[in-house]
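Me: Could you take me through one part of this structure slowly, as you would for someone in their first year? I'd like to look at a pocket and the pieces around it.

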Amino acid sequence: MSDYFDQKSVIGNAEWCTFPSLNIPAIKARVDSGAKTSSLHAVNIQSFQRAGQLWVTFEVHPIQESRKVVVYCEAEVVDQRVIKSSSGDREKRYVIQVPLQLGERTWEVELTLTDRDSMGYRMLLGREAMNGRLLVDPQVSCIFGDRPQETLAKLYETPEIREGGLRIGVLASNPELYSNRRIIEAGEAMGHEMQFLNVRHCYMKLDATTPEIHYRGGRILNDLDAVIPRIRPSMTFYACTLLRQFESLGIFCLNDSTAIAQSRDKLRSLQLLLEHGLAIPTTGFANSPLDTNDLINMVGGAPLIVKLLEGTQGKGVVLAETKKAAESVINAFKSLNANILVQEFIKEASGKDLRCFVIDGKVVASIQRVAAPGEFRANIHQGGRAELVKITAEEKRIAIKAAKAMNLKVAGVDLIRSNNGPLLLEVNSSPGLQGIETATNEDIASMMISAIERRLAAKARDAL
Ligand SMILES: Nc1ncnc2c1ncn2[C@@H]1O[C@H](COP(=O)(O)OP(=O)(O)OP(=O)(O)O)[C@@H](O)[C@H]1O
Ligand SMILES: [Mg+2]
Ligand SMILES: [Mg+2]
């Protein structure tokens, strides 16, 4: 029996812990043998690959009820688990394994990372981490010593602050997406503080005197210098509301809410492009199936293209080879209440289109996408491949003009080459980086960051 007690230390209901590998000298943990795993309250969790392994970067606010001290951490991910929180929500969390120092002893523990700071305690010490080592005396706390305010102030005297760098939020949905990872990587390499902001985790306070945007857990985002929106179509409505709020707080958005909203409306965009004197394939749109026949004639008859207004990645684009097929497809979509447009088929494009990446009124890279054999859609998602292309001066001029017409600072402009010259297909407000960076070897992510630097430098000069 004496052996049993020799191997174990008694701890109280709360203890100060140290995580040497995370550079956290002191964090107060709630001891909870009712919980299996231990958790650390982390925000801005972003995953990345290092030497073939999944890693995460995250920020810890080690001091209770304060967000002033921020420790930037990174650790290898050892597992991902779905955890049911006390509120009953299921959340997928990263698990890391790090040495924990408590008193004189140090041992490896598993921690799940979660961005919800539970009232007060920044850490929960669960029973798995205690097994074989610790016994709990629930009546006392801080048996291994307290850390008064002065001690904490000393321990955290040198929080990492990047001088001169900007605070840039990447407003998106998936931190693991190539484009989002690249933008964060490029921003950090250029000395900025990059924060991945999940659209769904942002919420806002509309108020005449103190408008705010909060991030899940309560962090306030009002002090950002800029936001890079990378909005997936399904999140357009909510994300644009958030962007309007950022704009009203004076935070620069690389692509503003109005421009994004109108670029997501295919018909509105085509109308705008025409208003600016840009050529598009002849396009028809009608509300009623009664007008199908004339609609088909309007765009020059079959073969023709039918497009779902809400489609992306080529999914809602159909080629109808004959008039009969066109009628069936149009009427079928209509009967499902889907909004569609019909468009003249540019056969001579032979499954190729051009993607021009425009930043701040310049074409910074362009590729040609070539459809898979037997396919007319050039989308990479439909098996198309990207290849290098030299675009003409006219194509360049059209791409720049299209981005400008849509008022987009960053745009992916899609063109096809017809017998009557280049025609515009669409302008994307969150163009992907993977295909185009890989094919051209250009560092487009850094160019996006530079656009923010230029803009904010100009703003600062104006303020002088
Ligand atoms: N009128 C047309 N004539 C010939 N080919 C076309 C025409 N419209 C579209 N295509 C081909 O189909 C592909 C997909 O069409 P489009 O870009 O309009 O829709 P989408 O790709 O679904 O939208 P998004 O690019 O926003 O994901 C084009 O890249 C092009 O290769
Ligand atoms: Mg497209
Ligand atoms: Mg599009």
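Reply: Here is a walk around the second largest pocket, followed by a few other spots to look at afterwards.

Before we start, keep in mind that this is a predicted model, so every value below is computed from it.

Let's begin with the pocket itself. The second largest pocket has a volume of about 640 Å³. Its lining is made up of 23 residues. If you want to find the middle on your screen, pick out Glu91, Lys92, Tyr94, Asn198 and His201, which are the lining residues nearest the centre. What sort of residues make up the lining? They split into 6 nonpolar, 8 polar and 9 charged.

Now, where does this pocket sit? Domain 1 covers 9–156 and domain 2 covers 167–261, and both give residues to the lining, so the pocket lies between the two domains. You can see which strands take part, too: β4 (38–50), β7 (90–102), β8 (105–114) and β12 (193–198) each supply at least two lining residues. The largest share comes from β7, with 5 residues.

Three of those strands are worth following, starting with β7 and β8. These two run antiparallel and are joined by 8 bridges. For one pair you can click on, look at Leu100, which stands opposite Trp107 in β8. Trace the chain from β7 into β8 and you'll go round a hairpin, with 2 residues between the strands. Gly103 sits in that turn and has a positive phi of about 60°.

Next, bring in β4. It pairs with β8 as well, but here the strands run parallel, and 4 bridges join them. Leu40 has Leu113 in β8 as its bridge partner. So that you don't lose your way: β8 is joined to β7 in the antiparallel sense and to β4 in the parallel sense.

While you're on β4, stop at Asn44, which is found in this strand. Asn44 has a positive phi of about 55°, although it is not a glycine. Is Asn44 buried or exposed? Its relative accessible area is 4%, and anything under 20% counts as buried, so Asn44 is buried.

There is another asparagine to set beside it. Asn407 also isn't a glycine, and its phi is positive at about 60°. Asn407 sits in the loop between α10 (393–405) and β25 (410–418). Its relative accessible area is 48%, which makes Asn407 partly exposed.

Let's go back to the part of the chain just after β12. Here you'll find an open sheet of 3 strands in the order β13-β14-β15, with antiparallel pairing. β13 (202–205) and β15 (219–220) are at the edges with a single partner strand each, so each has one side without a neighbour in the sheet. β13 and β14 (residues 212–215) are joined by 4 bridges. One pair to look for there is Cys202 with its bridge partner Tyr215 in β14.

A little further along is Val227, in strand β16 (residues 226–229). Val227 is buried, with a relative accessibility of 0%. Try checking a distance here: Val227 and Asn255 are 28 residues apart in sequence, and their C-alpha atoms are 8.9 Å apart in space.

Further on there is another open sheet, this one with 4 strands in the order β18-β21-β19-β20 and antiparallel pairing. Its edge strands are β18 (283–284) and β20 (317–320), each pairing on one side only. β18 pairs with β21 (residues 340–344) over 2 bridges, and Thr283 stands opposite Gln343 in β21. Just before β19 (304–308), look in the loop that follows α8 (292–298), where you'll find Pro303. The peptide bond from Ala302 to Pro303 is cis, with omega near -5°.

Last stop: the metals. The magnesium ion (ligand 3) is coordinated by Glu426 (OE) and Asn428 (OD1), at 1.9 to 2.5 Å. Glu426 has a second role here, as it bridges the magnesium ion (ligand 3) and the magnesium ion (ligand 2), which lie 5.0 Å apart. Glu426 itself is partly exposed, with a relative accessible area of 25%.

Conventions: Residues are numbered from 1 along each chain as its sequence is written. Chains are lettered from A and ligands numbered from 1 in the order in which they are written. This is a predicted model: local features need pLDDT of at least 70, side-chain atom pairs count only at pLDDT 80 or more; totals for chains, interfaces and linings use all residues. Side-chain values use heavy atoms; hydrogens and water are left out. On a 1 Å grid over the protein atoms alone, a cavity is a set of points where a 1.4 Å probe fits but cannot get out, and a pocket is an open set with protein on both sides within 12 Å along at least five of seven lines; lining residues have an atom within 4 Å of a point. Grid points are joined across faces, edges and corners, and a volume is the space filled by probe spheres set on the points. Ala, Val, Leu, Ile, Met, Phe, Trp, Tyr, Cys and Pro count as nonpolar, Asp, Glu, Lys and Arg as charged, and the others, Gly among them, as polar. Domain bounds come from an automatic or database domain assignment. Two strands pair if DSSP finds at least two bridges between them. Buried means under 20% relative accessible area, exposed over 50%, partly exposed in between (1.4 Å probe, protein chains only). Donors are N, O and S atoms within 2.8 Å of the metal (3.2 Å for Na, K and Ca); water is not among the atoms, so sites may look incomplete.
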